[in-house]
Amino acid sequence: MVLRVHPARDAGFVLPLSITGALVLLLSSLSLQTLVLHTRQVQAAERMRLQAEDRLASGAQRLAADFHGRLACLKAVPLADWRLQALREPCPSGLDSDALQRLWIDGQPLQLVDWTPQAGGGALQLQLPDGGLKRRYWLGTTGVKELG
């Protein structure tokens, strides 16, 4: 005769308990993995936004430099009148006003949306292509300032 250590009614409780524990660990690890992936996605989107803002600011800096150099003849003229002014003296011959409204920064295009000269400087608006991010800048004697 064989004596049982555990009565038959208590048999089989270890397997359901271990499966439940494994499921809890699996769900916990999946939750952590989802959180990490979401955080990386948010960080990537933030990085792309910051790079776009940096490209716009670089475009404003380039235009500010060009207004002191090759585009000095257009600095006092609103953007709507650039086409006519680019053909006149003192602008250099062959100056294409349409091409001037497209800037390339870091291999990415920017669009010059508006230029409004004012006393002491002017307001500039740049935009990423396809209706992307848009920013306004003030180009003055003290440099370039973002307006929003």
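Student: Is Cys91 buried or exposed?
Tutor: This is a predicted model, where local features need pLDDT of at least 70, side-chain atom pairs count only at pLDDT 80 or more, and totals for chains, interfaces and linings use all residues. Residues are numbered from 1 along each chain as its sequence is written, and side-chain values use heavy atoms, leaving out hydrogens and water. Buried means under 20% relative accessible area, exposed means over 50%, and partly exposed is in between (1.4 Å probe, protein chains only). Cys91 has a relative accessibility of 6%, so Cys91 counts as buried.

Student: Which residue does a disulfide join to Cys91?
Tutor: A disulfide is a pair of cysteine sulfur atoms within 2.5 Å, and a search of the whole structure finds one. Its sulfur atoms are 1.9 Å apart, and the partner of Cys91 is Cys73.

Student: How many residues apart are Cys73 and Cys91?
Tutor: Helices (H or I, at least four residues) and strands (E, at least two) are DSSP runs, numbered from the N terminus. The disulfide is right-handed, with 110° about the S-S bond. Cys73 sits in the loop between α1 (14-67) and α2 (82-85), while Cys91 is in the loop between α2 and α3 (97-100). The pair links distant parts of the chain, and its separation is 18 residues.

Student: How far apart are the end C-alpha atoms of α1?
Tutor: The expected span of a helix is 1.5 Å times one less than its number of residues. For the 54 residues of α1 that should give 80 Å, which agrees with the distance between its end C-alpha atoms, 80 Å.

Student: In what order do the strands of the open sheet lie?
Tutor: Two strands pair if DSSP finds at least two bridges between them. The open sheet has five strands with antiparallel pairing. β1 and β5 each have a single partner strand, so one side of each is left without a neighbour in the sheet. The order is β1-β2-β3-β4-β5.

Student: By what angle are neighbouring strands of this sheet turned against each other on average?
Tutor: Axes are lines fitted to C-alpha atoms, for helices over the stretch in contact, and angles run from 0 to 180 degrees between N-to-C directions. For neighbouring strands of this sheet, direction is ignored, and the average turn is 35°.

Student: To which strand does α1 run at about 30°?
Tutor: Contact means heavy atoms within 4.5 Å. The buried residues of α1, including Leu56, Leu63 and Phe67, pack against α2, β1, β2, β3, β4 and β5. α1 lies across the five strands, and the one it meets at about 30° is β4.

Student: How many residues of β3 are buried?
Tutor: In a regular strand the side chains alternate between the two faces of the sheet. In β3, both faces are covered: Gly121, Ala123, Gln125 and Gln127 are buried on one side, and Gly122, Leu124 and Leu126 on the other. Of its seven residues, the number buried is seven.

Student: Which residue of β3 is the bridge partner of Asp114?
Tutor: β2 and β3 run antiparallel and are joined by seven bridges. The residue in question is buried, at 17% relative accessibility, and touches Gln111, Lys134 and Arg136, among others. The partner of Asp114 is Gln125.

Student: Which helix gives the most to the largest nonpolar core?
Tutor: A nonpolar core is a set of buried Ala, Val, Leu, Ile, Met, Phe, Trp, Tyr and Cys residues joined through side-chain atoms within 4.5 Å. This one has 26 residues, and Leu74, Trp82, Leu95, Leu124 and Leu126 touch the most other members. At least two residues each come from α1, β1 (102-105), β2 (108-118), β3 (121-127) and β4 (134-140). With six residues, the one that gives the most is α1.

Student: Which residue in the hairpin of β3 and β4 takes a positive phi near 60°?
Tutor: That hairpin has six residues between its strands, which pair in the antiparallel sense over seven bridges. The residue is exposed, with 82% relative accessibility. Its name is Asp130.

Notes. Lists of a residue's contacts leave out its neighbours within four places in sequence.
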